[in-house]
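The questions below concern the open and enclosed spaces of a predicted model. Each answer works towards the value or name that was asked for.

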Amino acid sequence: MYPETKTIIEKKQRSGVFPGAVFSFAEEQQEETVVFGYAEIEPEIRQMKKDYLFDVASLTKVVCTTTVMLHLQEKKRLFWDDSLKSHLPEFVDPTITLRHLLTHTSDIQMYISNRDRLNQQELIAAYLKLHGGKKIGKTVKYTDAGTILLGFLIEKMYQKKVIDVFQDVVLTPLHMNDSLFLPKAPYDRIVPTEKLANGTILKGITHDPKARVLAEHAGNAGLFSNLKDLNRFVRMYLDQGEISGYPYLQGQTIFNLLKDQTPTKTGGRSIGWDLKYSSLDKQPLLFHTGYTGTFLLIDPIKQSAFVFLSNRVHPKDFRAEYVKHRDEILTVYLNERAKLYHK
């Protein structure tokens, strides 16, 4: 499948855009997995393997936080236009709704004094004091604050630590048996991320600094997963909310995610997901990235998907350059996909 896309990814890997990558394509019931390059290059070189675990960063938002929110909405325990404060009284701003947080339209004012010096409880308290700005509900501005706050809401509703909810509601039912939070040594199967200024290479330790402090209370990042497990998650979307023939989410819930939920209908955001359009048709695709070099691209209508995991922050983070290369890969894939369907 997708020989042109495989070729450009291999070229990017060989030119040093990322040490290695594991990725897969799905078309209806067919799947193909590809492995390129190295799992790590410091302190030693190690070949990539398809079952290795990646810190998937913000894919945590859609795999875990959004999924739990969809379950709560299906059960009518909450509605998208509820204020966050109505479910989380500790939060100070009554104007911010769940829809604002899930579509990144809260215009939340992110400044937290001495944020990097705060301990876990201090950081939680600081997030609960944040306010929306003058552009609330009007503009899209991506932020981690939304899913961090939703993580606190989830803990309130389930009376459990958020990572325990993610295990019970997402990972266990979807049989994502390799995936986990806060891994413990040994880290033999975990792909490392960045080399810090002090020389420490993060391996088995959450890359996102906020999630690293929030730890068991983080709803924005912290999931370690592999291609097999993420393909199970994606397959649930392709099978209209079913997993191995059993209902997990309602099919209509999946299809509703294809609607732009931003006020002007041009913001390109759905509930939890980014919406990406291709030249194939006017139907959007569900898309989300992870800072560490990961992304999911899902078409529930045509039952196709592209799952990509790389270690692009290892050992150094060159984000701006990587984004250009990532977008080139996506363009090649979408063009190749258009040709496939127009044969």
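A pocket is here an open set of grid points with protein on both sides within 12 Å along at least five of seven lines, and its volume is the space filled by probe spheres set on the points.

Q: What volume does the second largest pocket have, and which helices each supply at least two residues of its lining?
A: In this predicted model, the second largest pocket has a volume of about 220 Å³. Its lining counts 13 residues, and Gln73, Trp80, Gln252, Thr253 and Asn256 are those nearest its centre. The elements that each supply at least two lining residues are α2 (59-74) and α10 (251-256).

Q: Which element gives the most to the lining of the largest pocket?
A: The largest pocket, with a volume of about 480 Å³, is lined by 25 residues, and the closest to its centre are Tyr142, Thr289, Gly290, Tyr291 and Arg319. At least two lining residues come from each of α8 (209-214), β9 (274-276), β10 (285-290) and α11 (319-341). The element that gives the most, with 5 residues, is α11.

Q: How many charged residues does the lining of the largest cavity have?
A: The largest cavity, of about 40 Å³, is lined by Lys61, Thr66, Leu101, Leu102, His104, Thr147, Gly272 and His288. Lysine counts as charged, whereas Gly is placed among the polar residues. By class, this lining therefore divides into 2 nonpolar and 5 polar residues, and the charged count is 1.

Terms used
Residues are numbered from 1 along each chain as its sequence is written. This is a predicted model: local features need pLDDT of at least 70, side-chain atom pairs count only at pLDDT 80 or more; totals for chains, interfaces and linings use all residues. Side-chain values use heavy atoms; hydrogens and water are left out. On a 1 Å grid over the protein atoms alone, a cavity is a set of points where a 1.4 Å probe fits but cannot get out, and a pocket is an open set with protein on both sides within 12 Å along at least five of seven lines; lining residues have an atom within 4 Å of a point. Helices (H or I, at least four residues) and strands (E, at least two) are DSSP runs, numbered from the N terminus.
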